[in-house]
Amino acid sequence: MLLLRTVRTRISFILLAVALAAGLTVVLAAGLAGCRGGAARERLLFALLVNRLNNPWTEQQIAGFREACARLEADVLVLDNQMDANMTLSNLDVALEQGADGVALSPPDQKISALIVDRAFSADIPIVALDLRLLDYNNRQLAPYLGVPNLQAGRAAGQWLASELERLGWLEDRRLTVGVAALTFDAIWDMRLRTDALRQSLLDNSPALSAEQIYPVHHRRMDAVGALLGMHELITAHPEVTNWVVYAGNDEGVIGAVRALEQVGLDEKALGCGIGYGRARAELEGSRTTALKATVFLDGEEIGRTAAEYLYNYRVNGTPIPAATYTDAQVTEAAP
Amino acid sequence: MIKAWSINKKLAVSYSLLILLVVLSILVVLSLILSGRLMRRAQGQLDQKLGDITAAIQGQLMDVIAVCDDVKEDARIIRALNATGPGERPDKNAVPALIQERYAASDTLIGKLILIDRNLEILDPVYDRVLYRDAILTDEDFTEFLEKRYGFYFSTPGIFPIDPEPSSPEEDRLTIVLYQRLLDERYWLMGYLLSIIRKDLLFSPLHEIDPEDLFTWIGVFNSERRLVFTRGEGPAPESVLAALPGGLNRTSGIGPPALRERPPFVTAIEAQRTLVAVRQIPRVNWFVVGLTPYRRAMSDLRLAIRLILAIGAGFLLAGIALSAFIARTITHPLEEITRTMHAYDENRALAKIDLQASGELAYLVRVYNRLVDSINESIRNIYAEQEKKKEAELRSLEYELDFLQAQINPHFIYNTLNAIGFQAEKAGNDAVYDSLKSFNILLKAAVSGIGELVTLRQELSLVDNFIRIQRLRYGDTFDMIREIPPTLLDARVPKLILQPVVENAVFHGIEPSGRPGTITIRARRSDGGLVLEVADNGVGMPVGMQADLAAAATLQNDDRRRFNRIGLANVGERIKILFGAGYGLSLESRQGEGTTVTITLPDGQGAVE
């Protein structure tokens, strides 16, 4: 710099330096701006394959999964299986092609368990099953499972309904005709475990209740509309029932049934208990008094969060994923 | 204040401001460029995403609507609908099973299909109950559908078959009912088809939207501008509609409302700048509206601006340091020069600048130092001249003193000799008296001023006085001959110019010969000048001595003094001083034969004033 000889040259140099600085600023800014979009991904990517994007239970899992991944600075890929086995396998392929470092999925059908596990293990990535176990034809578990304690949840709900019926004395009141609407979805094993456990627990703890008083309502898609329409059919089919007890394997089922009871004015003589992710709990915590009186809360966010942490710890620290992990199942009652 | 700053500070501040200006300019330009690009990108993303969502919803709606086409072509259903004659009551139990078997099982979006014949008989054993039938047939949406004779009509969200209270929460509204007319091939009314649509499933594409990512609020408005579905936290639907072009306008009568689809745009909704994307679902005249706060859409721009500011601040700091450093390199020589000037101003000490400069400054320093050298040299010369002048003055004083002293001595001698002459005359010694008289005349002539011009006659008189004195010593051992034209006797010649030459002839010519001799004085004119010759026939001079005498005029004082004994150098020098180099004294001598001294003078008539 001192070799520059004249004042004019020095001033020119400064101007040149300023121009270079400006140019460098532009280049850096543009480069950094470009890098934001173009930088190679170095963060881990975890995929979550869900059965239905619009299912609230699934939404909870997604929220928990996203929250944990954000905390662990990992990227998230969420794909919708649309309750379709082929779509699930296709989504798994997509996740593997995207370079997923781990997959958590809710299988729509346990028949494709072996295919799922084969693909994941071939790609050398960990896989965690949510809600439904991945089993082989001998019912042996093929991959870690994260879900709800279905039997425990069903039994808890059944016990609560039995105790509530006993408290209300409906079964002993000969002026009343009590009918139990059991909204089931037997195609899904977990759902069936819940409702079966609930039914058995209810019968075991309610000697005055006979199995004939329990009317199954098969509500397709496990949604509120299906339960609503199914409940209307049930109500129409059993006009003699004065007091309805409704339960379901999920919150949507019991909420749809309760809405149907409200539409026909039977909600004040009804007793509803659900098992679910919190939609029923939110209604219980609201100011409105409905026929929904209790629910066994299952924390979907906790499942999504735990799944992400398992995958991350396995990838980063090599921590083995437990074979089976269950969330809590506690009865939540409506405020008195 | 700035005026008082040093050049160094001014330069540093100027360049820092320049860099700041450049950084700000870049910031502004990049902001403009980036904001435009980011806005276009955000608009493109929103528009594309909303387009995908709209296409998915439209596809689902079209699938539902298409069910009607299948149903009205189903022969068994047509038979059931047309069995209105006596004894032809349709089997209400059979129709639902038929529909369930054929359609509902294959379409999960539709929770239930219900047929109503043209007589408004509900062909479903469940919903034909009074409670349900009244609710269905008196429903506002169904009534409007019948009155306006729509081909199809979507109800507002509710709960089939009995809508909840208007104040009931949005999440309780689980269904949307699609009412469709069933027309035969002759376009005669056969009945109505009610499709109970799962609302959540219909709008499932909207569940894919992450409110934290793209849209903060997304809503679906039906053709009546009623909000049928919403997701995310956002403003009131009325505020959204008010912000849309033609959002609140509804055309009267049948026909699409005036709401227009347009590219994403920025507008204020509830006093917040919002990026709005609007997409139409053409077949059903629904609109999907997505909102994103402008700040979020521009979050990348803010990041870029912060980045540029950080980089700019870094460059600014570096620029300030660089400016200070370079300003220092530029101004350091100037400061050195200023310090030197200041020192001169304070102490009158003009010192040279010892500085490793370059370029113009090096030139300035070089010239300045040369100027200092020149001034110092001039000062030294002045001092030397003054010293010389002082010395000359001193010497002049010495000369004057010598001259005065020299004046004193001859007068003392003159007076003394006059006293002696008086005693000699009184004693009758005429010879001594004459000699003293002649000597006094000579002495008086010598004292009275060497440089004076006298006539040749006067000069010859002095020579006579000298000869008279010399006669005392030499007697008549030499003769004096004069060959002088009378016309030249009045010519002016320097006083005592001949006496030294004659003296030289006596002492160095005649006397050393030891024999009587003759001294001849001649005068003549030559080339406008006066030539005087003093010739003797004495011993003459050796060749070396002649050369010495010839060069005597050019010798220094000390050298000349060596020749004073013969007096010739003095004469020659006086002539040159008085008349110039063209005149003087020449000598011609032959050893053993004599010497002739020639004096060349200007014309004695007018050469000298």
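These are my notebook entries on two chains of a predicted model.

**Entry 1: chain A overall**

I started with the make-up of chain A. I found 10 helices and 12 strands in chain A. I then looked up burial, and buried residues account for 51% of the 336 residues in chain A. I also checked contacts with a separation of 6 or more in chain A, and 71% of them join residues 24 or more positions apart.

**Entry 2: the open sheet of chain A**

Next I traced a sheet. The strands of this open sheet of chain A, 6 in number, follow the order β2-β1-β3-β4-β5-β11, and the pairing is parallel. I noted β2 (75–80) and β11 (324–326) of chain A as the edge strands, each pairing on one side only. Leaving direction aside, I read an average turn of 20 degrees between neighbouring strands of this sheet.

I went on to one pair in it. Strand β1 (residues 45–50) of chain A runs parallel to β2(A), and 6 bridges join them. For L48(A) I looked up the bridge partner in β2(A), and it is V78(A).

**Entry 3: strand β8 of chain A**

I then turned to β8 (residues 243–248) of chain A. This strand is mostly covered, with 6 of its 6 residues buried. I sorted its side chains by direction: N243(A), V245(A) and Y247(A) point one way, W244(A), V246(A) and A248(A) point the other way, and all are buried.

I checked the pairing of β8(A) with two strands. With strand β6 (residues 178–184) of chain A, β8(A) pairs in the parallel sense over 6 bridges. A181(A) has V246(A) as its bridge partner in β8(A). Strand β9 (residues 270–276) of chain A also runs parallel to β8(A), and 4 bridges join the two. V245(A) has L271(A) as its bridge partner in β9(A).

**Entry 4: a helix pair in chain B**

Last, I looked at two helices of chain B, α14 (residues 499–513) and α17 (residues 568–579). Their axes come within 9 Å and cross at roughly 160 degrees. The cut-off for roughly antiparallel is over 145 degrees, and I therefore entered α14(B) and α17(B) as roughly antiparallel to each other. I recorded the crossing of α14(B) past α17(B) as left-handed.

Which residues make the contact? From α14(B) I listed P500(B), V501(B) and N504(B), and from α17(B) L568(B), N570(B) and V571(B). By class, I counted 4 nonpolar, 2 polar and no charged residues in the contact of α14(B) with α17(B).

Conventions. Residues numbered from 1 in each chain as written. Chains lettered and ligands numbered in written order. Predicted model: local features only at pLDDT ≥ 70, side-chain atom pairs only at ≥ 80, totals over all residues. Axes fitted to C-alpha atoms, helices over the stretch in contact; angles between N-to-C directions. Parallel < 35°, antiparallel > 145°, perpendicular 65-115°, else oblique. Left-handed = near helix turned anticlockwise from the far one by under 90°. Contact = placed C-beta atoms within 7 Å. Nonpolar A, V, L, I, M, F, W, Y, C, P; charged D, E, K, R; others polar. Buried ≥ 20, exposed ≤ 12 C-beta atoms within 10 Å, placed from the backbone. Pairing = 2+ DSSP bridges.
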